[in-house]
Amino acid sequence: QVQLEEFGGGLVQAGGSLRLSCVFSGRTFSSYGMGWFRRAPGKERESVAAISSSGDFIYYDDTVKGRFTISRDNAKNTVYLQMNSLKPEDTAVYLCAADLNVYSSKYLYWGQGTQVTVSS
């Protein structure tokens, strides 16, 4: 069974940066596509970024393009989300997810999430 645990959330001022990490266990990490999602109060969960198992495909939502960077270290079973130039509208619970198909519309495995709060 795949387990995912996110780290790195917190409170930051607008314009600041945070780096989220998600540690994967239970299966072969290098076989899985990984995604970062977020859920803001009163809003639907939305996709933020995704990276294929090999790292050769990367996706960003338009709202974070140019500010966020997704990466993975298959030796450490970890996927990262570097978030720069943060805005108050980035405030949300950030969740990582895993699926054998990075293009899946319904990722199979999910972490519990980490809160990111951006103050103005």
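**Close-up views of an eleven-strand chain**

Of the 120 residues in the chain, 45% are buried, where buried means under 20% relative accessible area, exposed means over 50% and partly exposed covers the range in between (1.4 Å probe, protein chains only). Please keep in mind that this is a predicted model, in which local features need pLDDT of at least 70, side-chain atom pairs count only at pLDDT 80 or more, and totals for chains, interfaces and linings use all residues. Residues are numbered from 1 along each chain as its sequence is written, and side-chain values use heavy atoms, with hydrogens and water left out.

**View 1. The whole chain is built from eleven strands and zero helices.** Helices (H or I, at least four residues) and strands (E, at least two) are DSSP runs, numbered from the N terminus. The C-alpha atoms fill a box of roughly 40 × 25 × 25 Å along the principal axes. A compact globule of 120 residues would have a radius of gyration near 14 Å, and the 13 Å of this chain agrees with that; the radius is taken over C-alpha atoms, and the globule rule is 2.2 Å times the number of residues to the power 0.38. Contact means heavy atoms within 4.5 Å. Among contacts between residues at least 6 apart in sequence, 55% join residues at least 24 apart.

**View 2. Here is the largest nonpolar core, with 30 residues.** Such a core is a set of buried Ala, Val, Leu, Ile, Met, Phe, Trp, Tyr and Cys residues joined through side-chain atoms within 4.5 Å. Leu4, Met34, Trp36, Leu81, Met83 and Tyr94 have the most contacts inside this core. The elements that give two or more residues to it are β3 (18-25), β4 (33-39), β5 (46-51), β7 (68-73), β8 (78-83), β9 (92-99) and β11 (114-119). Apart from it lies another core, of five residues, among them Phe37, Ala50, Val102 and Tyr107.

**View 3. Methionine 83 and glutamine 82 can be followed side by side through their contacts.** Not counting residues up to four places away in sequence, methionine 83 touches Gly16, Ser17, Leu18, Leu20, Arg67, Phe68, Tyr94 and Val116. With the same neighbours set aside, glutamine 82 touches Ser17, Leu18, Arg19, Arg67, Phe68 and Thr69. Glutamine 82 is found in strand β8 and is partly exposed, with a relative accessible area of 27%. Its C-alpha atom is separated by 8.2 Å from that of arginine 67, 15 residues apart along the chain.

**View 4. Serine 53 sits in the loop between β5 and β6 (58-60).** At 26% relative accessibility, serine 53 is partly exposed. Beyond its neighbours within four places in sequence, serine 53 is in contact with Ser30, Ser31, Tyr32, Gly33, Arg72 and Asn74. Serine 53 and asparagine 74 are 21 residues apart in sequence, and their C-alpha atoms are 8.6 Å apart in space.

**View 5. Asparagine 77 and serine 85 each have a positive phi.** Most residues other than glycine have a negative phi. Which value does asparagine 77 have? Its phi is about 55°, although it is not a glycine. Asparagine 77 belongs to the loop between β7 and β8, and its relative accessible area of 27% makes it partly exposed. Serine 85, also not a glycine, has a phi of about 50°. Serine 85 lies in the loop between β8 and β9 and counts as partly exposed at 40% relative accessibility.
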